[in-house]
Amino acid sequence: MRIPYSWLTDYLRSEIVPEELAEVLTMGGLEVEEIRDWTSEDGKATDKVLVTKITANRGDLLSMIGVARQAAALLGCEWALPDLGRPEITAPLAGAPLVEAGDVKIEVQDLKGCPRYSALAIRDLKTGPSPDWLRYRLEAAGIRSVSNIVDVTNYVCWELGQPMHAFDLRLVARNHIIVRRAHEGEALKLIDGSTANLVDQDLMICDEMGPVGIAGVMGGSETEVNERTKMVLLESAHFDPTSLRRSAQRYGLSTEASYRFERFVDPNMTLPALARATTLMLQLAGGTPDATAIDVRDGDFTASTVQLRPQRCNQILGTELTAEKMSDYLERLGMSVDGPGDDGRLSVRVPTFRWDVEREIDLIEEVAIVHGYNNIPMTVPGNLLESGVLTARQKAERRLRDLMRQCGLNETISFSFMGMADLDRCGFAEDAPERTALKLLMPVASDMSHLRTSLIPGLLNACSVNVRQRVLDVALYDLDRVFIPQGERELPQERVRVAGLVTGVPFTSDWNLSGAEFDFYWLKGIVEQVCDAMNVSGVEYVRDAHPAFHPGRCAQVTVEGKPAGVLGEVVRQVQEAYDLPANTYLFELDLDTLLEGAAAFRVYDPLPRFPAALRDIALVVADDEAHTAAALEAAVRKAAGEYLWKVVAFDLYTDAERLGAGRKSVAFRLTFRAADRTLTDEELDGAMNCVAQHLAETLGAEVRTA
């Protein structure tokens, strides 16, 4: 929000300069991002403008009087409201849902969406340009001057924080305003020239002929004030923030009115704003207001009461403030304080413009703000029995993130939502368990209708975005939760998973590295390093089938026989659905299952005193499921004896002419070592003979010699 300094001083009784005021407001919760020098287009006026940034819960600071009130509380000085009194407005005709005053009728059919609607007709107006003082103030605030009538509504919105709208009354059918939900198929041409095709969730301002404005967002062009306007109906209302925000987002509209309503506007400001606007309009455009205003409301909006314990306030803040001092701070902010009572508590009546103050801790925060955080002494809490530490799960997640980065992967963070179309693109069948997902009651978008059950769609989307930006070498990972439904009316089970994706070239420069590209074994190597670094034992890789992965190039990861994840090459259909390059590889692992098989600590193994002995063996076997590298390795370990230290498969060779059709050669490197001596050739030869004999008997393997 832009705050012209000269305008603010109309209400703030202080001689503080803009730079000092900016510092005070920033320390008091209203951040001043910068101070700009402003000069009018004609060069006749200059000012200092404070550009502020508010938090979503402080809609009361989106007005000049709100900023003046906050500044006065922080400075300990006086502030004043403008003259708001007009008898015909402060004593309106009130009721619900329909109120008539003369020839004007206001009907609110949706009191939940519009709890209060105040209005007043002013006739015999003279539309024209605004005087310089008004035009300069609006321009300094960043608002374009239109006419004296429209400028008055904008001025009051900026001054009091109450958005207003002026309808050309002669264009309102039978002077009858109706607040209702839109009907399917209705459309409205807005004052910005666009057309909104309405849905039944939109709260609309209508007359007897149809919609004339989107409530709290923007008015329609058919009832817009123009140079021929002689009489207007001033609208000053309060709308439900949630409903209004959805309509504004649906049509891509963000106006000064919607920005304020979304952050809550004081429902008791409708009549004062109507009185202020009427006073200014009569000064600038003449005219005659109706004998009385109309105020449609379902009930009164009263101040809430919150209890404050001074002792608790001092305990939290580390201060020694008296109850009287706390009362003074809160009263500066517009609250009323009674007490302390017999129990020592203060009874604080919170005005309706401070809807964000609901609990005792909120009052304590306000005391801290007015007292000044810089004035709170630095103290060390006493009686600390232990310091906070990371849990085992948090340590594991932090360690896993480090491992992913060490493997060259960059973290991506995706939404926790997905749509069924995401699972379609990934090729999941209709009965796939991933499709049993928790549906959201109010999704933010059609493609985010369910809580995700897999990290794979989000990772593929992230890769697709990179590829569209011509980033073809991608290495990403995601570590987050998926949500598995448990049953009706039960919270879903939240499982932490890690997923990684690689495609392209793994090195930043491929000079002198011809053919160095990501492949299945590079991806499998990442998974192996993760499992090894986290001390996960019992890890095996089993050939698997998955709809998102290429047949024959997919493996299931198991830990102690339990499924822990999947890895493989993304199938061509999924690559095309996401516009990904060929040779894209992906894995997804369940962290909970990994941790079940992980040791808390790695056992120290002293450095060997005696050298290891290496032996290589190439085995010719049938190329089928029974003779995988894992099966061969298990047989080698079983037969090699007690001195076998390590087995690594390092070569795969196929040649139908030399080996025969349907045959393959798998080469292993065996490392032998004894703790107390150097092994002899006889011992090693005996172990290798046992290996060859066992593999020949159990798997029909032949030792390849050439």
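**Asking how we know**

Guide: Let's start at Pro 340, found in the loop between strand 21 (336-338) and strand 22 (346-350). Keep in mind that this is a predicted model.

Visitor: What makes the peptide bond from Gly 339 to Pro 340 cis?

Guide: The omega angle tells us: for the bond from Gly 339 to Pro 340 it is near 10 degrees. There is another case in the loop between strand 6 (93-95) and strand 7 (98-101), where Pro 97 lies. Ala 96 and Pro 97 are joined by a cis peptide bond, with omega about 0 degrees. Such bonds are worth pointing out because most peptide bonds are trans.

Visitor: What is the phi of Arg 174?

Guide: It is near 55 degrees, a positive value in a residue other than glycine. That catches the eye because most residues other than glycine have a negative phi. You will find Arg 174 in the loop between strand 10 (164-168) and strand 11 (176-181).

Visitor: Why does Arg 174 count as exposed?

Guide: Its relative accessibility is 69%, and exposed means over 50%. Arg 174 therefore counts as exposed.

Visitor: And Asp 579, why is that residue called exposed?

Guide: The relative accessible area of Asp 579 is 52%. The cut-off is over 50%, so Asp 579 is exposed. Asp 579 also has a positive phi, near 55 degrees, and lies in the loop between helix 17 (572-577) and strand 31 (584-590).

Visitor: Why is Cys 690 called partly exposed?

Guide: Cys 690 has a relative accessible area of 40%. Buried would need a value under 20% and exposed one over 50%, with partly exposed in between. Cys 690 is therefore partly exposed.

Visitor: How do you know that Cys 407 is too far from the closest cysteine sulfur for a bond?

Guide: The closest cysteine sulfur, in Cys 531, is 11 Å from the sulfur of Cys 407. A disulfide needs the two sulfur atoms within 2.5 Å, so this pair is too far apart for a bond. The structure as a whole holds zero disulfides.

Visitor: Where does Cys 407 lie, and which residues does Cys 407 touch?

Guide: Look in the loop between helix 13 (392-406) and strand 23 (410-411). Leaving aside residues up to four places away in sequence, Cys 407 touches Ile 526 and Gln 529.

Visitor: On to the helices. What makes helix 11 roughly perpendicular to helix 12?

Guide: Helix 11 (residues 323-332) packs against helix 12 (residues 360-371) at an angle of about 90 degrees, and their axes are 9 Å apart. Roughly perpendicular covers 65 to 115 degrees, so helix 11 earns that description relative to helix 12. Met 326, Tyr 329, Leu 330 and Arg 332 of helix 11 make the contact with Leu 363, Glu 366, Val 367, Val 370 and His 371 of helix 12. By class, six of these residues are nonpolar, one is polar and two are charged.

Visitor: Why are helix 2 and helix 3 also called roughly perpendicular to each other?

Guide: The axes of helix 2 (residues 18-27) and helix 3 (residues 64-75) cross at roughly 90 degrees and come within 10 Å. That angle belongs to the 65 to 115 range, so helix 2 and helix 3 are roughly perpendicular. In helix 2, Leu 21, Val 24 and Leu 25 meet Val 67, Ala 71, Leu 74 and Leu 75 of helix 3. This contact has seven nonpolar residues, with no polar and no charged ones.

Conventions
Residues are numbered from 1 along each chain as its sequence is written. This is a predicted model: local features need pLDDT of at least 70, side-chain atom pairs count only at pLDDT 80 or more; totals for chains, interfaces and linings use all residues. Side-chain values use heavy atoms; hydrogens and water are left out. Helices (H or I, at least four residues) and strands (E, at least two) are DSSP runs, numbered from the N terminus. Buried means under 20% relative accessible area, exposed over 50%, partly exposed in between (1.4 Å probe, protein chains only). Axes are lines fitted to C-alpha atoms, for helices over the stretch in contact, and angles run from 0 to 180 degrees between N-to-C directions. Angles under 35 degrees count as roughly parallel, over 145 as roughly antiparallel, 65 to 115 as roughly perpendicular and the rest as oblique. Contact means heavy atoms within 4.5 Å. Ala, Val, Leu, Ile, Met, Phe, Trp, Tyr, Cys and Pro count as nonpolar, Asp, Glu, Lys and Arg as charged, and the others, Gly among them, as polar.
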